[in-house]
Amino acid sequence: MVIGTALDIMSKVAPPRAAFVDHPVGCTFGSPHDRSRNETVLARALAELPRFTQAGEIRDLHCDWTPGGDRAWEEELRAEMLHDH
Amino acid sequence: MPLEYLPIMAQNSAPKPQRELASPSKTAWCPLKKPISESRVALLSSAALRLANQDPFVPREDLSYRRVASDPKAGEIIIDHHSGIGRVPKEDPEIVFPRNSLAKLVDERIVGMLSPFHLSFMGGLRRHREIEDDLAPALAQELKQAEVDLALLVPY
């Protein structure tokens with residue numbers, strides 16, 4: 001199973017099983033040193049495994065990056081990725 | 001609507017054509033054979049990560065891989081991948097390579113057992129044919145020999 005943050009890329013590549021984590025790329029299991037969050041995301045992904053029924057399925061782990069679902073991080077990440085290039 | 005990364009990649013590539021995304025020529029599907037609580041689990045990472053005492057990966061088209069001991073006490077993880085997203089994961093590789101979390105889930109009996117090693121290789125390679133013909137079968141053989149039931153791939 002793939003556990004990834006880039007839904008559009010996973011949709012295009014279509015691995016046999018994929019779990020989507022709505023976090024910034026590079027932070028799949030949460031923030032640095034947040035072991036509780038790291039473990040929660042991994043446990044959620046493992047819990048999804050028996051629910052896959054066919055190849056190419058992507059299951060959303062419903063992990064928000066910020067508690068209120070604020071998506072300001074997307075603009076910051078986009079700018080950072082374009083700047084770093 | 002989740003953030004779309006393909007347009008960012010396209011913008012970064014311009015004026016060159018965007019990096020090609022390759023799908024497997026054969027769809028792999030293997031039913032689960034055991035409950036997770038009885039399964040042996042391995043991590044796969046495309047972060048080109050390794051233990052500090054292992055040979056570094058050589059950007060950008062390194063087709064080698066490393067066995068990384070699954071015991072978190074085996075040593076510090078180094079990320080060799082050249083991606084610009086690496087600043088945060090290099091501060092704590094656990095967020096892309098949850099070696100400690102997986103070991104804890106074994107202790108909690110949510111996961112059956114650890115593979116003796118995890119596997120890491122370089123992501124973002126352009127040599128798709130060699131990945132499918134050489135690298136991927138070699139990784140699969142490693143997992144088979146280690147009698148791994150579940151492999152979790154975390155793209156970088």
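The exercises below work through chain A, its contact with chain B, and one strand and one residue of chain B.

The structure is a predicted model, in which local features need pLDDT of at least 70, side-chain atom pairs count only at pLDDT 80 or more, and totals for chains, interfaces and linings use all residues. Residues are numbered from 1 along each chain as its sequence is written, while chains are lettered from A and ligands numbered from 1 in the order in which they are written.

**Exercise 1. Describe the make-up of chain A by its helices and strands.**

Begin with the elements, which are DSSP runs numbered from the N terminus, helices being H or I of at least four residues and strands being E of at least two. Chain A has 3 helices and 3 strands, and along the sequence they follow the pattern β-α-β-α-β-α. Then turn to burial, where a residue is buried if 20 or more other C-beta atoms, placed from the backbone, lie within 10 Å of its own, exposed if 12 or fewer, and partly exposed in between. By that criterion, 35% of the 85 residues of chain A count as buried.

**Exercise 2. Work out how many residues each chain gives to the contact, and which elements of chain A take part.**

Two residues are in contact if their C-beta atoms, placed from the backbone, lie within 7 Å. The contact takes 38 residues from chain A and 37 residues from chain B. On the side of chain A that touches chain B, two or more residues come from each of strand S1 (2-4), helix H1 (7-13), helix H2 (35-48) and helix H3 (72-84).

**Exercise 3. Place strand S6 (residues 117-121) of chain B in its surroundings.**

Start with burial: 4 of the 5 residues of S6(B) are buried, so this strand is largely enclosed by the rest of the structure. Next consider its partners, given that two strands pair if DSSP finds at least two bridges between them. Strand S1 (residues 40-45) of chain B pairs with S6(B) in the parallel sense over 2 bridges, and B:Leu44 has B:Leu119 as its bridge partner there. Strand S3 (residues 65-69) of chain B runs antiparallel to S6(B) and is joined to it by 5 bridges, with B:Tyr65 opposite B:Phe121.

**Exercise 4. Decide whether B:Leu6 is buried, partly exposed or exposed, and find its contacts.**

B:Leu6 lies in helix H1 (residues 6-13) of chain B. Because 15 other C-beta atoms lie within 10 Å, B:Leu6 is partly exposed. Leaving aside neighbours within four places in sequence, B:Leu6 is in contact with A:Asp8 and A:Ile9.
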